[in-house]
Amino acid sequence: MARKKSYYAVRQGRKTGIYYSWDECKKQIDGYSNAEYKKFSSLDEAKAYLGEESKKQSNLKTSNSVLAYIDGSYCKKSKLYSYGCVILKNNTVITEFNGTGKDTDLAKMRNVAGELLGAIKAIEWAYEHNYEGITLYYDYEGIEKWAKGFWKTNKEGTKDYAKFIQKYLPLINIDFKKVAAHSGDYYNDKADELAKQAITNYLGDNNSKKQDKISIIFDKVMTETESNKKTSINFNINGYSLTEQKVSKFTKEVWKSYGNKIKDIDEIKVNINTKTIHWVIKDQKGSNHEFSYSFD
């Protein structure tokens with residue numbers, strides 16, 4: 001009795017097409033993330049399987065849709081996560097944007113939290129700009145697998161992401177495409193760059209705000225009239241008279257502005273030069289906290 005012939009259709013793999021042996025099919029899908037393939041007993045069925053995908057992709061490309069490359073980043077020190085997004089239409093970049101998040105629970109997912117946020121923001125952008133479809137190009141497979149229910153959503157962040165996808169599916173066509181991380185893909189690298197830049201910008205803005213706050217405290221304290229007490233230091237810098245009493249009060253006021261209590265201070269060490277005041281406060285638990293203020 002003749003052996004029944006089988007056909008292997010690879011819809012997503014190294015090279016799509018119909019193969020007449022498992023070994024040939026395996027070469028295209030083995031180790032390939034999110035491979036899609038199926039075995040058929042007839043050639044027509046295999047062609048139909050591939051045809052459905054071709055039709056789907058064709059409709060997506062010709063309809064009012066966009067492509068979005070997304071990536072995430074994370075800063076361990078600040079516990080800040082971020083995303084970068086590049087939106088394309090007809091192979092042309094139409095917009096780029098990025099942002100940050102600082103939810104304590106989501107931050108435990110590190111850069112994955114940023115990539116999830118990027119997917120959400122990209123979909124929201126496409127919907128708000130009246131596009132009918134969006135293809136998300138991502139490098140972390142959870143973006144697709146949590147969305148499609150292939151992975152269990154154990155954390156609040158993944159649960160919220162899955163709920164978001166289900167909410168938007170009736171409103172906009174959402175497709176997914178895996179990109180190898182750091183593989184030289186221009187737009188994936190650009191999304192990664194935007195994600196990192198978002199953290200840099202956030203921290204830079206925050207540092208500026210902190211310096212502005214310290215500057216206000218410095219000006220207030222240094223222009224106050226003080227009693228004629230003997231002091232071991234007295235510097236005149238940029239029109240300000242820095243006495244021991246004023247410097248001590250300044251460092252303590254800055255400490256308080258960060259939500260700390262004076263009673264928690266064990267020791268203050270101050271270093272002053274013509275450009276900056278740098279001080280270290282040791283708290284009652286033995287931890288050191290560094291501060292600085294520039295006169296320039």
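**Contacts, sheet and cores of the predicted model**

Leaving aside neighbours within four places in sequence, Tyr127 is in contact (heavy atoms within 4.5 Å) with Tyr168, Leu171 and Ile172. This is a predicted model, in which local features need pLDDT of at least 70 and side-chain atom pairs count only at pLDDT 80 or more, while totals for chains, interfaces and linings use all residues. Residues are numbered from 1 along each chain as its sequence is written, and side-chain values use heavy atoms, with hydrogens and water left out.

Tyr127 belongs to helix α4; helices (H or I, at least four residues) and strands (E, at least two) are DSSP runs, numbered from the N terminus. With a relative accessible area of 35%, Tyr127 is partly exposed, a class that sits between buried (under 20% relative accessible area) and exposed (over 50%), as computed with a 1.4 Å probe and protein chains only. Its C-alpha atom is separated by 6.6 Å from that of Ile172, although the two residues are 45 apart along the chain.

For the protein as a whole, 8 helices and 13 strands are found. Of its 296 residues, 39% count as buried. The accessible surface comes to about 17,800 Å², with 46% of it belonging to carbon and sulfur atoms; areas come from the Shrake-Rupley method with a 1.4 Å probe, and for residues only the protein chains shown count as cover. Among contacts between residues at least 6 apart in sequence, 54% join residues at least 24 apart.

Now to the sheet. Five strands make up an open sheet in the order β6-β5-β4-β7-β8, with mixed pairing; two strands pair if DSSP finds at least two bridges between them. β6 and β8 are the edge strands, each pairing on one side only. From one strand to the next, the twist averages 20°. Helix α4 packs on this sheet, touching β4, β5, β6, β7 and β8, and its direction makes about 155° with that of β4. Axes here are lines fitted to C-alpha atoms, for helices over the stretch in contact, and angles run from 0 to 180 degrees between N-to-C directions.

Strand β5 (residues 80–89) deserves a second look. It is largely enclosed by the rest of the structure, because 10 of its 10 residues are buried. Leu80, Ser82, Gly84, Val86 and Leu88 point one way from β5, whereas Tyr81, Tyr83, Cys85, Ile87 and Lys89 point the other way. In a regular strand the side chains alternate between the two faces of the sheet.

On one side, β5 runs antiparallel to β4 (residues 65–75), with 9 bridges joining the two, and Tyr74 stands opposite Tyr81. These two strands form a hairpin with 4 residues between them, and in the turn Lys79 has a positive phi of about 55°. β5 also pairs with β6 (residues 92–101) in the antiparallel sense over 9 bridges. Within β6, Gly99 is the bridge partner of Tyr83, and Thr92 is that of Lys89. The hairpin of β5 and β6 has 2 residues between the strands, and Asn90 in its turn has a positive phi of about 55°.

The largest nonpolar core (a set of buried Ala, Val, Leu, Ile, Met, Phe, Trp, Tyr and Cys residues joined through side-chain atoms within 4.5 Å) has 35 residues, of which Ile123, Ile134, Leu136, Tyr161 and Ile174 touch the most other members. The elements giving two or more residues to this core are β4, β5, α4 (111–128), β7 (133–138), α5 (142–148), α6 (156–168) and β8 (173–178). Its largest share, 10 residues, comes from α4. Not counting residues up to four places away in sequence, Ile134 touches Ser65, Val66, Ala68, Ala122, Ile123, Ala126, Ile172, Asn173, Ile174 and Asp175. Apart from this core lies another, of 19 residues, including Ile237, Ile272, Trp279 and Phe291.

Further along the chain, strands β12 (residues 276–283) and β13 (residues 288–294) pair in the antiparallel sense over 7 bridges. Tyr293 in β13 is the bridge partner of Ile277. Their hairpin has 4 residues between the strands, among them Gly286, which takes a positive phi near 95°.

Helix α8 (residues 244–257) offers a simple check on geometry. Its 14 residues should span 20 Å at 1.5 Å a residue, and the end C-alpha atoms are 20 Å apart, which agrees; the expected span is 1.5 Å times one less than the number of residues. Lys246, Val247, Phe250, Thr251, Val254 and Trp255 are the buried residues of α8. Gly259, which follows α8, has a positive phi near 85°.
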